Amino acid sequence: MEHHPTPPAPDRRNFLAKAAATVIGGITVVIPAASGLLVLLDPLRRKSADGGAVFVANLAAVPESGEPRKFPVLATRVDAWNRTPDVPVGAVYLQRVAGGAVRALNVACPHAGCFVDFKSARNNYHCPCHNSSFALDGKVLDPKSPSPRPLDTLETEVRNGTEVWVKFRNFRAGVHEKIPV
Amino acid sequence: MKRSPSDDRPVKPLDWLDQRTGYRKLAHEVLFENVPGGARWRYVWGSTLVFCFTIQVITGIALWFAYSPSSQTAWESVYYIQHEMWGGWFLRGLHHYTAQAMTMLLAVHLMQVVIDGAYKAPREFNFWSGIILLCLTLGLSLTGYLLPWDQKGYWATRVATNIVAITPFIGPELQQLVVGGADYGHHTLTRFFALHAGVIPGAIILFIVGHIYFFRRHGLTPKEPRRRPDAAFWPDQVLRDAVACLAVLAVVVFLVIRTRGAELGAPADPSEPFPAARPEWYFLFLFEFLKYFPGGTEVWGAIVIPALLMGLLAAMPFVGNWRLGHRFNVGFLWVMLAGAGWLTWLAIAEDRANPDHAIAVNTAEREARRVIELARSPAGIPPTGAVGLLRNDPLTQGPKLFAKHCASCHRFDGHDGLGGQPKDPASAADLKGFAGREWLTGLLDPNRVATPHYFGATKFKAGKMVKYVQEDVAGFPPDDRKLLEKTIVALSAEAGLKSQRDRDRRDTALIVEGKEALVGTRMNCAECHVFHGKGETVGPDLTGYGSRQWLLDFIGNPAHPRFYGDRNDRMPLFGEDKVLPQAELSLLVDWLRGEWFEPAPVAAK
């Protein structure tokens, strides 16, 4: 191989080349990475549909004894690209209360979102995941229950004296306040 | 603060990191590779390919977060990425066009390696790993093409997998394995996706590592004469590589923005022909090549010859050892590229000269746009998938049904509904605007009633209606002429056409007058037609004339006593004889009446 003299490497030129290589190299990676990140962050702007009240059950189907009964809530489910009318989007416990009104409780445990059971033998609600227990009106029964708040009550309305309509919502789990999601 | 074991001086965090990981040596290895003769632009190609692959990994993983491989969700999730997600169109466009750029750059890289003799000993393994990388990248293109599950990808993949089936001995089994069963569906997508996002990229990473290892082992093949002394890879060559990568990215971004991302065709539908199906442009030469192999000999064009050519490519390092070997190799590569280029050109030229292909492409584009409108309609995409959107869309299906069942006699605005011309001349009315005010005005015009646009080519050419228009109507005094106009307005209102809704609403008073006139003695329609219970059944019942139900009944059975009875001219009893199922009849009627979903102008983006 022929001999080359050691190249003079001016520091300033070298610095510019290094800086330019770093900046340009950075740009070439940032553009695809940013466009990917934007799509990954897209779920942040999706809000759950704030549906109005939906028909859940006939009043006659809710026991007169005051015992709660579970009903599915049918509504239009929007799942990314699909829009499906009249499918179960959740469930509620309906219970007759004094004055001909109906109480609706969301079945999701406010602790971590498990489906709470109504235990008729004990006449209370019990969460099978972390053993929170709730009274019929939804209040936390056992002070040692992990649930930070009572079961979530939902707005109800009895229309025409026979139909129970519920404004169904889900709420953020694990916090003291009842914050809709 | 950490201290080194031998003395009490604190160890700096980076030193600590280096002691544990040896990153400085690694960085030195990476950055201070010797570049013989100094940095040059001609050495950038390999780096641009690594860069393209990196983009594909980044964008591919981001797309993966939103993609759902099944035949009811693949198109739908891609639609959602493309049209609903933040910057989804850009991300998908970047992935699509970078794939194209990668193919081009592979060709350039291969040419340079062959021309510069970089494939020769001791770099055989470097060359072979590169050939394998080329094949793997083409495999990525092939598998990625199907994933949107649109008509284009679906039909192209059917062709590709049917070619697999002609492989000697194991073809059909191999095809079934690739397709994931006997037919194309969920498992075709899951398998292609596993190959596209898992197996092939994994293999590419392994082979890139090997390729770069061999490259570092034997060093860069310098281009003589060397113009400058040797230098380190960092920073001058890195800068050139970075600029080249930026240029590649700029071209890709330009294409993405200009075309607003990769196209997405109508959802895959095995029942819907797709004559516009073509492979990705860099496979067009193979597509064209196959046209020259008569039935039964495809295996030569699709497998044997391409395999021999790949074999010859792989043998270059050995061929190159002969005296004229290098020249042969360079010549061979040029001939291959020129051949591929020529075949590509032939494929493009043939399509350009073929008017049917232009129509097919137009239809494909129209349906692609239409299905997006439907997907964004308030009804949205049903859980059974978007493929039903076009199947149940009067605007899409009406013209096809008309062309198939009606256009042998009727016309729609002078054509067969799809813009074509049937082989026989029109022998029944032109149904564009049927039952509309303008259409009826023409029917009741003495100069037009006997033209082929109305009754001119039917057996009613000299019938009572034509006679009535040509004699009675032609002799109407001005007062009756005015009344006729009102009668037309009233009769047309029976149809309840969407296009006249506003006019009908405005003209309520006219319509009341016209309705009375229709059964009155001056117009005398009731002598032959029944209208809301009054009149004689000679011609068709005019109650609800042109309405959805009236048309369904009429097309279903024109020979019903309510319509033409035994005097029906040649019209088939589409419903009565079950020529058309009710659903298709409804689509046809809705299309004729102009009833289909139209996006609100404000909602259109």
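Domain contact in chain B and a sheet in chain A

The C-alpha centres of domain 2 of chain B and domain 3 of chain B lie 20 Å apart. The model is predicted.

Me: Which stretches of chain B are called domains 2 and 3?
Reply: The domain assignment of chain B gives 32–271 as domain 2 and 278–353 as domain 3, besides domain 1 at 1–30.

Me: What makes residues of domain 2 and domain 3 of chain B count as being in contact?
Reply: Two residues are in contact if their C-beta atoms, placed from the backbone, lie within 7 Å. In chain B, 19 residues of domain 2 are in contact with 16 residues of domain 3.

Me: Which helices supply at least two residues each of the side of domain 2 of chain B that touches domain 3?
Reply: They are α5 (88–115), α6 (124–146) and α7 (151–164) of chain B. The most comes from α6(B), with six residues. By class, this side of domain 2 has 13 nonpolar, four polar and two charged residues.

Me: What makes β1(A) and β10(A) a pair?
Reply: Two strands pair if DSSP finds at least two bridges between them. Four bridges join β1(A) to β10 (residues 163–166) of chain A, so the two strands meet that condition; they run antiparallel. A:Val54 has A:Val166 in β10(A) as its bridge partner.

Me: Why are β1 and β9 of chain A said to stand at the edges?
Reply: The open sheet has three strands in the order β1-β10-β9 (chain A), with antiparallel pairing. β1 (54–58) and β9 (156–159) of chain A each have a single partner strand, so one side of each is left without a neighbour in the sheet. Neighbouring strands of this sheet are turned by 30° against each other on average, direction ignored.

Conventions:
Residues numbered from 1 in each chain as written. Chains lettered and ligands numbered in written order. Predicted model: local features only at pLDDT ≥ 70, side-chain atom pairs only at ≥ 80, totals over all residues. Domains from an automatic or database assignment. Nonpolar A, V, L, I, M, F, W, Y, C, P; charged D, E, K, R; others polar. Axes fitted to C-alpha atoms, helices over the stretch in contact; angles between N-to-C directions.
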